[in-house]
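Work through the exercises below with the coordinates open. Each task is followed by a solution in steps.

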Amino acid sequence: MDGGRPRAGIAAKPQRDLTVAALEKRLNLRRRAREDAARNLPRHDASDLSEPERAVLEALEGERSKLDRARGEARAEVERRLRALAPTPQDFTSPALDARLTLKQTAGRLAHEWADARARSDAARADLDAFKNANDLRRAAVYPRSSLLQAGLLLVAAMFEALFSAALFAEDDARGLLGGAITAIGLSGANVTLGFLAGFLGLRYVQHRRLPQRIAGAAGFGALTLLALMLNLFAADWRDKLAALAGRDLGAGSDASFHLWSLLQLESPQAIILLMLGAGVWVFAALKGYSGFDDPYPDYGKMDRSAREAGDALSAFRTEARLELEEPINAARTALAGRLEKMRGEFEAMNKAFDAAAVQMEALDAQARALDEAAAGAIHLYRQENAAARGNAAPLYFGAPPPEVGPSLDVLAAAATMIDDARARLAEAQTQFADALVGLLAELDTVTRALDGGAPA
């Protein structure tokens, strides 16, 4: 295969002396025309070419034979090369069959795990639906994406209360700022913990659909609220006592006794501020416990997360399994595309060879036309001189054009037919390629649907 280049040495070169002037000089056409006219030749009723006209054609016959041989050799050469370059028929069935077999094997290997993941997802979703129906829930579960952020907010609230409380306790605490900080940290930690538990274990269960859970939630909320109230009242009373006893009897400052009526005896502004601060932080912690970490309805967020996790697990497994199922399809596509590309390359080589042969044949045809033009010019010169020197009318055939013996048939007709056949084979190959891919994709979708539905693939 030589890329469509024409062979050297096929095209024939016409002789340089085969022109009208050269033929006139070589055959003495003017002189012979006048001599024939003096003898009244050719006769006015003649229909055949005269001897000088036939001599012109005979003078070009050798060169024309060379051109005819060159044209025949060029035709044989291009047909030989096109047969060698013709696209080789490819098998587009075997890669598709291999891919289908591998697809079936992969589906059989994945079927058990796929069914388990789908069963877990279906069971989690069924449990969630049953939970929603049993508790008459008509909304979607609402909970934060990150519990860490909510815990951070609680920590910030605890630190805020601890900082302010430490400053308030340190004013009259004999241990100074360190002692006030220790007391404030314990107080804020307990306050935030009680508020969170009141919201998470109390408020959330107060709205439960079942009466026992409501009662338990209300009791828990009341108990935790009472503990928080006692804690903050005790802290405010203690701070007030520290302020009253500061500088007089330091030992009395450690008195931890608490009287319910001490709230009415608060005298220092710091004690009231401490009480209000503790109440605000407790309410904030209770709200975070109610809806900051999970859905306000008990167990709803847990059930919803379980269903989502099972669904996400199924989706992730399905994605990985789909990629594994697509591997034989992709391998078959690569193999089929390589075979089709090979046929396209061979067809392009055929086109180049045909185009090169067409250029070469056009050059040979141009040489043949040049010979015809030289013959026509020489014969016209003879007829013109003969008619001018005659005493009577010239033959009627003088008005007809000289005969053309150049190429009349398309010598590349067989080559063009070969190109058409190759183009048809390539189009058929493209159709087979597309049909094979469509069939493989349909098979992949069928297997995937079967695995999704639990039916045998």
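The exercises deal with helix packing, buried faces and backbone geometry in this predicted model.

**Exercise 1. Helix crossing**

Task: Describe how the axes of helix α1 (residues 20–27) and helix α9 (residues 300–389) cross, and list the residues in contact.

Solution:
- Step 1. Two packed helices are described by the angle between their axes and the distance between the axes.
- Step 2. The axes of α1 and α9 come within 8 Å, and the crossing angle is roughly 55°.
- Step 3. Angles from 65 to 115 degrees would count as roughly perpendicular and those under 35 degrees as roughly parallel; α1 is therefore oblique to α9.
- Step 4. The hand of the crossing between α1 and α9 is right-handed.
- Step 5. On the α1 side the contact is made by Val20, Leu23 and Glu24, and on the α9 side by Ala374, Gly377, Ala378 and Leu381.
- Step 6. Sorted by class, the contact of α1 with α9 has five nonpolar residues, one polar and one charged.

**Exercise 2. The two sides of α1**

Task: Determine which residues of α1 are buried, whether they line one face, and what covers them.

Solution:
- Step 1. Under a cut-off of 20% relative accessible area, the buried residues of α1 are Leu23, Glu24 and Leu27.
- Step 2. Viewed down the axis of α1, these residues fall within an arc of 100°, so they line one face of the helix.
- Step 3. Ala21 and Lys25, on the other side of α1, are exposed.
- Step 4. The cover over the buried residues of α1 includes α2 (29–38), α3 (51–85) and α9.

**Exercise 3. The buried face of α2**

Task: Repeat the analysis for α2, naming its buried residues and their packing partners.

Solution:
- Step 1. Leu29, Ala33, Asp36 and Ala37 are the buried residues of α2.
- Step 2. Seen along the α2 axis, they lie within an arc of 100°, so they too line one face of their helix.
- Step 3. These buried residues pack against α1, α3 and α9.

**Exercise 4. Unusual backbone geometry**

Task: Describe the phi values of Asn28, Asn40 and Asp136, and the peptide bond from Leu41 to Pro42.

Solution:
- Step 1. Most residues other than glycine have a negative phi, and most peptide bonds are trans.
- Step 2. Asn28 has a positive phi, near 55°. This residue follows α1 and is found in the loop between α1 and α2. Its relative accessibility is 33%, so Asn28 counts as partly exposed.
- Step 3. Asn40 follows α2 and has a positive phi near 60°.
- Step 4. Asp136, in the loop between α4 (94–134) and α5 (147–170), has a positive phi of about 55° although it is not a glycine. At 43% relative accessibility, Asp136 is partly exposed.
- Step 5. The bond from Leu41 to Pro42 is cis, with omega near -15°. Pro42 lies in the loop between α2 and α3.

**Exercise 5. Surroundings of two residues**

Task: Place Asn191 and Leu274 in their helices, and state whether each is buried or exposed.

Solution:
- Step 1. Asn191 is found in helix α6 (residues 176–206) and is buried, at 0% relative accessibility.
- Step 2. Not counting residues up to four places away in sequence, Asn191 touches Glu161, Leu231, Asn232, Gly278, Val281 and Trp282.
- Step 3. Leu274 is found in helix α8 (residues 269–292). Its relative accessible area is 2%, so Leu274 is buried.
- Step 4. Between Leu274 and Glu161 there are 8.7 Å in space, C-alpha to C-alpha, although they are 113 residues apart in sequence.

Terms used. Residues numbered from 1 in each chain as written. Predicted model: local features only at pLDDT ≥ 70, side-chain atom pairs only at ≥ 80, totals over all residues. Heavy atoms only, no water. Axes fitted to C-alpha atoms, helices over the stretch in contact; angles between N-to-C directions. Helix = DSSP H or I, 4+ residues; strand = E, 2+ residues; numbered from the N terminus. Parallel < 35°, antiparallel > 145°, perpendicular 65-115°, else oblique. Left-handed = near helix turned anticlockwise from the far one by under 90°. Contact = heavy atoms within 4.5 Å. Nonpolar A, V, L, I, M, F, W, Y, C, P; charged D, E, K, R; others polar. Buried < 20%, exposed > 50% of the residue type's maximum accessible area, 1.4 Å probe, protein only. Arc of directions from axis to C-beta.
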